[in-house]
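Visitor: I am new to this structure and should be grateful for a close look at a single part of it. Please begin wherever you think best and set that part beside a few others.

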Amino acid sequence: MVLTPGGSARFVEEVRQAVTGRAAALVLGALVLQLAFIASYIGAFHSPRPKEIPLGVVAPQQISAELAGKLGALPGDPLDPRVVRGEADAVRRIRERDLDAALIVDPRGTTDTLLVAGGSGASLAQATEAVVTKAEKAQQRSVKVRDVAPAARGDARGLTSFYLVVGWCVGGYLCAAILAVSAGARPANLHRAVIRLGAIALYALGSGLLGAVIAGPALDALPGSIPCLWGLGALVVFAVGAITLAFQGLAGIVGIGLAIALVVVLGNPSAGGAYPYPLLPPFWRTIGPALPPGAGTWSARSIAYFRGNALTGPLLVLSAWAVAGTAVTLTCSALRSRKSSPGA
């Protein structure tokens with residue numbers, strides 16, 4: 001087809017009308033988000049390597065410090081060994097999530113015992129076993145593995161907690177996004193902002209309960225207290241929903257993309273799901289505990305497999321996001337109302 005000069009001008013004008021400048025900017029933003037998604041997931045998962053796995057060492061007093069020193073000096077620093085008083089203390093500290101594993105040395109034989117926690121993720125237990133087995137083999141010793149906090153039979157590789165929290169996060173930002181699409185990204189006034197937050201709170205209560213029931217009694221994939229998982233789910237959903245509302249208050253419809261960037265692009269690969277924190281690269285290992293997916297995944301595993309231990313920090317993180325999201329949402333709405341009111 002050959003375009004005349006007049007036809008070319010009409011074609012350019014049709015393109016301008018079909019793809020506005022705002023639409024082009026949004027498409028460019030989508031491209032950036034897409035590439036960030038690819039880079040974040042591949043960056044986090046393409047080469048998992050153990051780094052400073054907290055390992056208890058139980059050995060006769062005369063060799064315990066020396067053995068811990070040797071394990072701590074392995075190339076690449078895969079282990080962070082700490083001398084522990086005895087096996088019972090090692091088991092307690094693993095269940096309190098202070099340690100990820102413990103090596104129990106048998107002074108009368110050549111076979112030692114490695115205690116692991118499958119509930120923290122199968123990949124972490126396997127990585128620890130591989131490192132310790134190699135180190136023991138160099139000393140003409142062998143290792144037998146005992147799981148003191150195993151994952152449930154229906155929890156493949158200990159990933160159910162992660163998938164449950166990801167589902168809750170998706171629900172949180174989708175609920176806030178739907179409210180934006182249906183009635184404008186920025187609430188017209190403070191009352192409407194409160195109503196939106198209330199709607200998300202109700203949604204969070206319902207979706208938190210249903211998610212816990214599906215993962216627990218319905219599919220028998222995750223043990224643990226249903227009321228505790230329900231409360232966690234409600235907090236995760238509300239925190240993510242409030243964050244999304246806050247971003248929308250600050251940036252309009254673009255705020256949905258910002259929420260996805262925070263929760264999905266950065267949060268999911270750093271959550272410690274597929275690969276727990278000691279297997280992630282430094283950047284993702286550092287940010288993971290401070291983001292909702294990471295705090296939620298840690299909390300769900302603690303409830304399911306570790307008797308609710310080590311929950312204070314992650315719950316404070318989720319609460320901080322919920323409070324910050326609520327505060328920013330209300331502040332943006334109040335300022336918007338003040339600017340649009342007569343005489344402002």
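**From a loop residue to a pair of helices**

Guide: Let us begin with Gln140, which is found in the loop between helix 5 (122-137) and strand 5 (142-147). The model is a predicted one. The phi angle of Gln140 is near 60°, a positive value in a residue other than glycine. Its relative accessibility is 65%, so Gln140 counts as exposed.

Asp77 offers another case, with a positive phi near 50° in a residue that is not glycine. It sits in the loop between helix 3 (61-72) and strand 2 (79-83). Because its relative accessibility is 34%, Asp77 counts as partly exposed. A positive phi, of about 55°, is also taken by Asp220, just after helix 7.

That brings us to helix 7 itself. Its 29 residues should span 42 Å at 1.5 Å a residue, and its end C-alpha atoms lie 40 Å apart, which agrees. Several of its residues are buried, including Ala193, Arg196, Leu197, Ile200, Ala204, Ser207 and Gly208. Further along, Gly211, Ala212, Ala215 and Gly216 are buried as well.

Helix 7 (residues 190-218) has a partner in helix 8 (residues 226-251): their axes come within 7 Å and cross at roughly 140°. The two helices are therefore oblique to each other, and their crossing is right-handed. On the side of helix 7, the residues in contact include Arg196, Leu197, Ile200, Ala204, Ser207, Gly208 and Ala212. Helix 8 contributes, among others, Ile226, Trp230, Gly233, Val237, Phe238, Gly241 and Leu245. By class, this contact has 17 nonpolar, four polar and one charged residues.

Helix 2 (residues 21-45) may be set beside this pair. It has 25 residues and reaches 36 Å from first C-alpha to last, close to the 36 Å expected at 1.5 Å a residue. The buried residues of helix 2 are Ser40, Tyr41, Gly43 and Ala44; they pack against helix 9 (254-267) and helix 10 (282-287).

Finally, consider Thr297, whose place is in helix 11 (residues 292-305). With a relative accessible area of 1%, Thr297 is buried. Apart from its neighbours within four places in sequence, Thr297 is in contact with Ser161, Phe162, Val165, Ala271, Gly272 and Gly273. We have thus gone from the exposed Gln140 to the buried Thr297.

Key
Residues are numbered from 1 along each chain as its sequence is written. This is a predicted model: local features need pLDDT of at least 70, side-chain atom pairs count only at pLDDT 80 or more; totals for chains, interfaces and linings use all residues. Side-chain values use heavy atoms; hydrogens and water are left out. Axes are lines fitted to C-alpha atoms, for helices over the stretch in contact, and angles run from 0 to 180 degrees between N-to-C directions. Helices (H or I, at least four residues) and strands (E, at least two) are DSSP runs, numbered from the N terminus. Angles under 35 degrees count as roughly parallel, over 145 as roughly antiparallel, 65 to 115 as roughly perpendicular and the rest as oblique. A crossing is left-handed if the near helix is turned anticlockwise from the far one by less than a right angle, and right-handed if clockwise. Contact means heavy atoms within 4.5 Å. Ala, Val, Leu, Ile, Met, Phe, Trp, Tyr, Cys and Pro count as nonpolar, Asp, Glu, Lys and Arg as charged, and the others, Gly among them, as polar. The expected span of a helix is 1.5 Å times one less than its number of residues. Buried means under 20% relative accessible area, exposed over 50%, partly exposed in between (1.4 Å probe, protein chains only).
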